[in-house]
Structures are given as C-alpha cells and as structure tokens.
Amino acid sequence: MAYTIDRPTPAQNLAKVTPDEMRTLLRPLIDEGFAVQIKG
C-alpha cells in the first residue's frame, strides 16, 4: 500500500504527490504484477 502525505512530517524536504503521480512512480511495480493500492 502506498500513501501520499496528508499531514505535516518531521522531515521538511518531503513533498506531497497526487495519486496520479504516485501511480506513475509505482508503474514499474504494477507492471511486474505487484498488487498495489494507492491511497490519497
């Protein structure tokens, strides 16, 4: 399961991504057959 950031984090350099951006980032795993759920 992959989650986008929806609240402040301890690390200041993290940036929120949209569910579509997350899907793009995880595309190689999805293409390999991994069952991926994207929450965000």
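**Fold and salt bridges of a predicted β-α-β model**

Along the sequence, the protein adopts the order β-α-β, with one helix and two strands in total. Helices (H or I, at least four residues) and strands (E, at least two) are taken as DSSP runs and numbered from the N terminus. The model is predicted, so that local features require pLDDT of at least 70 and side-chain atom pairs count only at pLDDT 80 or more, while totals for chains, interfaces and linings use all residues. Residues are numbered from 1 along each chain as its sequence is written, and side-chain values use heavy atoms, with hydrogens and water left out.

The mean pLDDT (the predictor's confidence in each residue, from 0 to 100) is 84 for the protein, and 92% of the residues score at least 70. Confidence is highest in α1, at 92, and lowest in strand β1 (residues 2-3), where the mean is 70.

The C-alpha trace spans about 35 × 15 × 15 Å along its principal axes. Of the 40 residues in the protein, 12% are buried, where buried denotes under 20% relative accessible area, exposed over 50%, and partly exposed the range in between (1.4 Å probe, protein chains only). The exposed surface amounts to about 3500 Å², of which carbon and sulfur atoms supply 55%. Accessible areas were obtained by the Shrake-Rupley method with a 1.4 Å probe; for residues, only the protein chains shown count as cover.

The protein carries 5 positive and 5 negative side chains, and the centres of the two sets are 8 Å apart. In this count Lys and Arg are positive and Asp and Glu negative, with His and the chain ends not counted; each charge is placed at NZ of Lys, CZ of Arg, CG of Asp or CD of Glu.

Side chains of opposite charge can pair when their charged atoms come close. A search of the whole structure returned two salt bridges, defined by a side-chain nitrogen of Lys or Arg within 4 Å of a carboxyl oxygen of Asp or Glu. One of them joins Arg23 to Asp20, with 2.9 Å between the closest N and O atoms. Both residues belong to helix α1 (residues 19-31) and are three residues apart, about one turn of the helix. Arg23 is partly exposed, at a relative accessible area of 33%, whereas Asp20 is exposed, at 55%.

The other salt bridge links Arg27 with Asp31, and its closest N and O atoms are 3.5 Å apart. Because Arg27 and Asp31 are four residues apart in helix α1, about one helical turn separates them. Arg27 is partly exposed at 36% relative accessibility, and Asp31 is exposed at 55%.

Outside the helix, Lys16 and Arg7 were examined in the loop between β1 and α1. Lys16 is exposed, with a relative accessible area of 58%, and its C-alpha atom lies 7.4 Å from that of Asp6, 10 residues apart along the chain. Arg7 is exposed as well, at 63% relative accessibility. The C-alpha atoms of Arg7 and Arg27, 20 residues apart along the chain, are separated by 25 Å.

Gly40 is located in the segment after β2 (38-39) and is exposed, at 83% relative accessibility. Between the C-alpha atoms of Gly40 and Arg23, 17 residues apart along the chain, the separation is 11 Å.
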